[in-house]
Amino acid sequence: MMENSSNLGRQVVYCGHLARQCLENRVRQFGVTPVQAYAMRFLAINQDRHDVAQRDLERELRLKASTVNGVVDRLAEKGMLLRQTSPTDGRCRLLTLTPLGVQVAETFHSALVDTEALFRSALSPEEQQQFQELLSRIIMNLESEVHRT
């Protein structure tokens, strides 16, 4: 347990570390990492669209193209998603879950929901709203700094 510290950055990093461990423990049984789980969930939610591009996934996960490429590669190797070149833009890769990917995504959906509930359980609805607003401001500030350098 981390001592109560006034160092906000350390607390945020530690909270993120614990959240990742919690989610890893819940999705490990499905043979995926937390990032792969979130990617598959995004694709499952958008499975009716036939134009989900890899860059849509990059935006959703807020990760660099090279990182998402690795996530997509691993999921394709596991037989959970298909990549196709867009018929209208050869530079664009379209992503679709395979039947196995849909089945796995549906199975671990409850693990993602349970993890989210655990995150929220320590806060009232009003505190959750306030916390999300504060985190959004911190994220915008940090993204501004990161993109400036």
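Which helix gives the most to the lining of the largest pocket? In this predicted model, that helix is H6, which contributes 13 residues to the lining.

The pocket itself is a good place to begin, and it holds about 2500 Å³ of space. Its lining is made up of 48 residues, and those that lie nearest the centre are Gly16, Ala19, Phe119, Leu135 and Ile139. Several helices take part in this lining, since H1, H2 (34-45), H3 (54-61), H5 (99-120) and H6 each supply at least two residues. Sorted by class, the lining of the largest pocket has 32 nonpolar residues, together with eight polar and eight charged ones.

From the pocket we can turn to the surface, where Leu8, Val12, Ile138 and Leu142 form a nonpolar patch whose accessible area comes to about 340 Å² together. Helix H1 (8-27) and helix H6 (125-148), which both also supply residues to the pocket lining, each provide at least two residues of this patch. One of the patch residues, Val12, is found in helix H1, and Val12 counts as partly exposed because its relative accessible area is 42%, a value that falls between the limits of 20% for buried and 50% for exposed.

A last stop is the loop between H3 and helix H4 (65-77), where Arg62 is found. Although Arg62 is not a glycine, it has a positive phi of about 55°. Arg62 is classed as exposed because its relative accessible area is 58%, and exposed residues are those over 50%.

Conventions. Residues are numbered from 1 along each chain as its sequence is written. This is a predicted model: local features need pLDDT of at least 70, side-chain atom pairs count only at pLDDT 80 or more; totals for chains, interfaces and linings use all residues. Side-chain values use heavy atoms; hydrogens and water are left out. Patches are made of residues with over 30% relative accessible area and no salt bridge: like charges are joined within 9 Å, nonpolar side chains (Val, Leu, Ile, Met, Phe, Trp, Tyr) within 5 Å. Accessible areas come from the Shrake-Rupley method with a 1.4 Å probe; for residues, only the protein chains shown count as cover. A salt bridge is a side-chain nitrogen of Lys or Arg within 4 Å of a carboxyl oxygen of Asp or Glu. Helices (H or I, at least four residues) and strands (E, at least two) are DSSP runs, numbered from the N terminus. Buried means under 20% relative accessible area, exposed over 50%, partly exposed in between (1.4 Å probe, protein chains only). On a 1 Å grid over the protein atoms alone, a cavity is a set of points where a 1.4 Å probe fits but cannot get out, and a pocket is an open set with protein on both sides within 12 Å along at least five of seven lines; lining residues have an atom within 4 Å of a point. Grid points are joined across faces, edges and corners, and a volume is the space filled by probe spheres set on the points. Ala, Val, Leu, Ile, Met, Phe, Trp, Tyr, Cys and Pro count as nonpolar, Asp, Glu, Lys and Arg as charged, and the others, Gly among them, as polar.
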